[in-house]
Amino acid sequence: MVDKTIREAILKDITAKDYSVIGITLTCSEETLRERHKKRGDANECSFFWLHLKPYESDYVINTDNKSVRQIVDKMKVIIDSEGKE
C-alpha cells in the first residue's frame with residue numbers, strides 16, 4: 001500500500017514527543033483537478049493516480065469540489081479541534 005509506506009516513513013522521522021496524528025485526505029473530481037491545473041497555467045499532464053487511491057483507513061475525507069481554500073481550512077480546523085477534545 002503506497003500511502004501506508006509514505007505515511008510510516010514520514011512519521012518515523014518525527015522527533016517530537018507527545019504528539020497526535022490526524023489524517024486528512026483532500027479529494028475532488030477529475031473535472032475540478034483539470035480546472036485547477038488549467039487555472040494556474042500548469043502545462044504538465046494532469047495525473048489522476050493519487051486522486052483515485054482509496055483514502056487511508058482512519059483519515060477524514062474532505063471533498064474540495066466547489067469549495068474555497070477558506071472553506072477547506074475551516075473544515076480542517078473543525079476536525080483538528082474536535083480531535084483535541086476526545
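Here are some notes on this predicted model, point by point.

1. Start with the core. The largest nonpolar core is made of five residues, namely Cys28, Leu33, Cys46, Phe48 and Leu51. As background, nonpolar side chains in soluble globular proteins tend to be buried together. If you want one residue to click on, try Leu33: leaving out residues up to four places away in sequence, Leu33 touches Cys28, Cys46, Phe48 and Leu51, and also Ser47.

2. Next, Phe48. You'll find Phe48 in the loop between helix 2 and strand 2. Its relative accessibility is 18%, so Phe48 counts as buried. Leaving out residues up to four places away in sequence, Phe48 touches Glu30, Leu33 and Arg34. The pair Phe48 and Glu30 is 18 residues apart in sequence, with a C-alpha to C-alpha distance of 7.0 Å.

3. Leu51 sits in the loop between helix 2 and strand 2. Leu51 counts as buried because its relative accessibility is 18%, and the cut-off for buried is under 20%. Its contacts, again without residues up to four places away in sequence, are Thr27, Cys28, Ser29, Glu30 and Leu33. From Leu51 to Cys28 the C-alpha to C-alpha distance is 7.3 Å, for two residues 23 apart in sequence.

4. What about the cysteines? The structure holds zero disulfides. Cys28 is in no disulfide, and the nearest cysteine sulfur, in Cys46, is 8.3 Å away. Seen from the other end, the sulfur of Cys46 has its closest cysteine sulfur in Cys28, and at 8.3 Å that is too far for a bond, because a disulfide needs the two sulfur atoms within 2.5 Å. Cys28 has 11% relative accessibility, so it counts as buried. Both Cys28 and Cys46 belong to the largest nonpolar core.

5. Is His37 buried or exposed? His37 counts as buried, because its relative accessibility is 16%. His37 lies in helix 2, which covers residues 30-39. Not counting residues up to four places away in sequence, His37 touches Asp42 and Cys46. That second contact leads back to the core, since Cys46 is one of its five residues.

6. Thr64 deserves a look too. This residue is found in the loop between strand 2 and helix 3. Thr64 has a relative accessible area of 4%, so it is buried. With residues up to four places away in sequence left out, Thr64 touches Leu26, Thr27, Cys28, Arg36 and Ile72. Cys28, in that list, is a member of the largest nonpolar core.

7. Now the pocket. The largest pocket comes out at a volume of about 580 Å³. There are 23 lining residues, and the closest to the pocket centre are Ile24, Thr25, Leu26, Trp50 and Leu53. Helix 1 (2-12), strand 1 (24-27) and helix 2 are the elements that give two or more residues to the lining. Which element gives the most to the lining of the largest pocket? Helix 1 does, with five residues. If you're thinking about chemistry, the lining splits by class into 14 nonpolar, four polar and five charged residues.

8. For anyone checking backbone angles, two residues are worth opening. Asp18 has a positive phi of about 50° although it is not a glycine. Asp18 lies in the loop between helix 1 and strand 1, and counts as exposed because its relative accessibility is 81%. Asn66 also has a positive phi, near 55°, and is a residue other than glycine. Its place is in the loop between strand 2 (60-63) and helix 3 (69-84). With a relative accessible area of 77%, Asn66 is exposed.

9. Last, Val21. Val21 lies in the loop between helix 1 and strand 1. Its relative accessible area is 45%, so Val21 is partly exposed. Along the chain, Val21 and Ile79 are 58 residues apart, and their C-alpha atoms are separated by 12 Å.

Notes:
Residues are numbered from 1 along each chain as its sequence is written. This is a predicted model: local features need pLDDT of at least 70, side-chain atom pairs count only at pLDDT 80 or more; totals for chains, interfaces and linings use all residues. Side-chain values use heavy atoms; hydrogens and water are left out. A nonpolar core is a set of buried Ala, Val, Leu, Ile, Met, Phe, Trp, Tyr and Cys residues joined through side-chain atoms within 4.5 Å. Buried means under 20% relative accessible area, exposed over 50%, partly exposed in between (1.4 Å probe, protein chains only). Contact means heavy atoms within 4.5 Å. Helices (H or I, at least four residues) and strands (E, at least two) are DSSP runs, numbered from the N terminus. On a 1 Å grid over the protein atoms alone, a cavity is a set of points where a 1.4 Å probe fits but cannot get out, and a pocket is an open set with protein on both sides within 12 Å along at least five of seven lines; lining residues have an atom within 4 Å of a point. Grid points are joined across faces, edges and corners, and a volume is the space filled by probe spheres set on the points. Ala, Val, Leu, Ile, Met, Phe, Trp, Tyr, Cys and Pro count as nonpolar, Asp, Glu, Lys and Arg as charged, and the others, Gly among them, as polar.
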